[in-house]
Amino acid sequence: MALEVNGKILETDDNGNLTDPSAWDEDVAKALAAKDGIELTQEHWDVLNYLRSEYIDNNEQPMERAINKGMSKIWDKKVISKDLYVLFPLAPSKQGNKIAGLPYVARKGGY
């Protein structure tokens, strides 16, 4: 599968995730989000940047509980799963990772 963004063809896996996370940029994120019917807000960008930072800096793809805790620190308020599902209805740890240009996560659930 492939995604075309700004004249570049980007390879994706069967789940729509980029096969090369380094090919990601804001335009790619917008294109991936648009395919899922999501218009990115600052809160989306905060989550996407958090997910990319965890992956690039710590080689981690956090589960939902960890994303909740991470975003609670960033937003300085208690974040629950429902808050993140408003942003990423198909699961923050799966849909969020996809839009963040990260590999597919096959695990179940977030806890």
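**Asn 68, a salt bridge and helix 2**

Author: In this predicted model, Asn 68 lies in helix 3.

Reader: Why is Asn 68 called buried?

Author: Asn 68 has a relative accessible area of 7%. Buried means under 20%, so Asn 68 with its 7% counts as buried.

Reader: What makes the pair of Asn 68 and Ser 81 a polar contact?

Author: The side chains of Asn 68 and Ser 81 are joined at 3.2 Å. The cut-off for a pair of N or O atoms is within 3.5 Å, and therefore 3.2 Å qualifies. Asn 68 also lies 7.7 Å from Leu 84, C-alpha to C-alpha, with their positions 16 residues apart in sequence.

Reader: How do you know that Asp 36 and Lys 98 meet in a salt bridge?

Author: Their side chains come to 3.0 Å, N to O. A salt bridge asks for a Lys or Arg nitrogen within 4 Å of an Asp or Glu carboxyl oxygen, so the pair meets the definition. Asp 36 sits in the loop between helix 1 and helix 2, while Lys 98 belongs to helix 5, 62 residues apart. The structure holds one salt bridge.

Reader: Which of the two is buried and which is partly exposed?

Author: Lys 98 has 14% relative accessible area and is buried, because buried means under 20%. Asp 36 has 27%, which falls between 20% and 50%, so Asp 36 is partly exposed.

Reader: What is the reach of helix 2, set against the expected span?

Author: Helix 2, residues 42-58, reaches 23 Å from its first C-alpha to its last, close to the 24 Å expected. Its buried residues include Trp 45 and Leu 48, and helix 3 is among the elements that cover them.

Methods
Residues numbered from 1 in each chain as written. Predicted model: local features only at pLDDT ≥ 70, side-chain atom pairs only at ≥ 80, totals over all residues. Heavy atoms only, no water. Helix = DSSP H or I, 4+ residues; strand = E, 2+ residues; numbered from the N terminus. Expected span 1.5 Å × (residues − 1). Buried < 20%, exposed > 50% of the residue type's maximum accessible area, 1.4 Å probe, protein only. Contact = heavy atoms within 4.5 Å. Polar contact = N/O pair within 3.5 Å; in protein donor to acceptor, adjacent residues only side chain to side chain.
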